[in-house]
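Me: I am new to this structure and would like a close look at one part of it, the largest pocket. Which residues lie nearest its centre, and what surrounds them?

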Amino acid sequence: MRLYLYWIILSVLSVSCSAQSVSDHYQSIVNQYCVTCHNDQLKTAGLSLQDISAHDIGNGAEKWEKVLRKLNARAMPPAGMPRPDPATYDAFSQFL
């Protein structure tokens, strides 16, 4: 019985760590490609993404909605700036 409970606890922790890793990955993408222009100092287009977290999409949903629209349209980052590959756009859109 103890071994079974131990296995369940490890499984739950593994899923939790995996979800954390996924949200960490997408947070790093936001920091790499978006926050350069959309930060508290510049607020390009009146938007700062410096304070949103991929760990809690529900908090800051209006901003994430804007991000999702731009991702789906491939409108950001603007031409001439470093951009993620198409698979990253698609995966990030699905994550959101």
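Reply: Twenty-five residues line the largest pocket, and Cys 34, His 38, Leu 49, Met 76 and Pro 77 lie nearest its centre. Please keep in mind that this is a predicted model: local features need pLDDT of at least 70, side-chain atom pairs count only at pLDDT 80 or more, and totals for chains, interfaces and linings use all residues. Residues are numbered from 1 along each chain as its sequence is written, and side-chain values use heavy atoms, with hydrogens and water left out.

A pocket here is an open set of points on a 1 Å grid over the protein atoms alone, where a 1.4 Å probe fits, with protein on both sides within 12 Å along at least five of seven lines; lining residues have an atom within 4 Å of a point. The volume of the largest pocket is about 440 Å³, counted as the space filled by probe spheres set on the points, which are joined across faces, edges and corners.

By class, its lining holds 16 nonpolar, six polar and three charged residues. Ala, Val, Leu, Ile, Met, Phe, Trp, Tyr, Cys and Pro count as nonpolar, Asp, Glu, Lys and Arg as charged, and the others, Gly among them, as polar.

Helices H1 (2–33), H2 (61–73) and H3 (86–95) each give the lining at least two residues; helices are DSSP runs (H or I, at least four residues), numbered from the N terminus. H2 gives the most, with five residues, so let us turn to H2.

H2 has 13 residues and reaches 18 Å from its first C-alpha to its last, close to the 18 Å expected at 1.5 Å a residue (1.5 Å times one less than the number of residues). Trp 64, Val 67 and Leu 71 in H2 are buried. They lie on the same side of H2, because they cover an arc of only 60 degrees around the axis, taken from the directions from the helix axis to the C-beta atoms. On the other side of H2, Glu 62, Arg 69 and Ala 73 are exposed. Buried means under 20% relative accessible area, exposed over 50%, and partly exposed in between (1.4 Å probe, protein chains only).

Just after H2 comes Arg 74, with a positive phi near 55 degrees. Arg 74 is partly exposed, with a relative accessible area of 30%. Pro 77, one of the residues nearest the pocket centre, is in the loop between H2 and H3. The peptide bond from Met 76 to Pro 77 is cis, with omega near -10 degrees. Most peptide bonds are trans.

Finally, look at the rings. Tyr 26, Trp 64, Phe 92 and Phe 95 form one aromatic cluster. Rings of Phe, Tyr and Trp (its six-membered ring) pair if their centres lie within 6.5 Å; planes under 30 degrees apart count as stacked, over 60 as edge-to-face and the rest as tilted. By this rule there are four aromatic pairs. The rings of Tyr 26 and Phe 92 have centres 4.9 Å apart and planes at 15 degrees, so this pair is stacked. It links distant parts of the chain, with Tyr 26 in H1 and Phe 92 in H3, 66 residues apart. Trp 64 and Phe 92 pair edge-to-face, at 6.2 Å centre to centre and 70 degrees between the planes. Trp 64 in H2 and Phe 92 in H3 are 28 residues apart.
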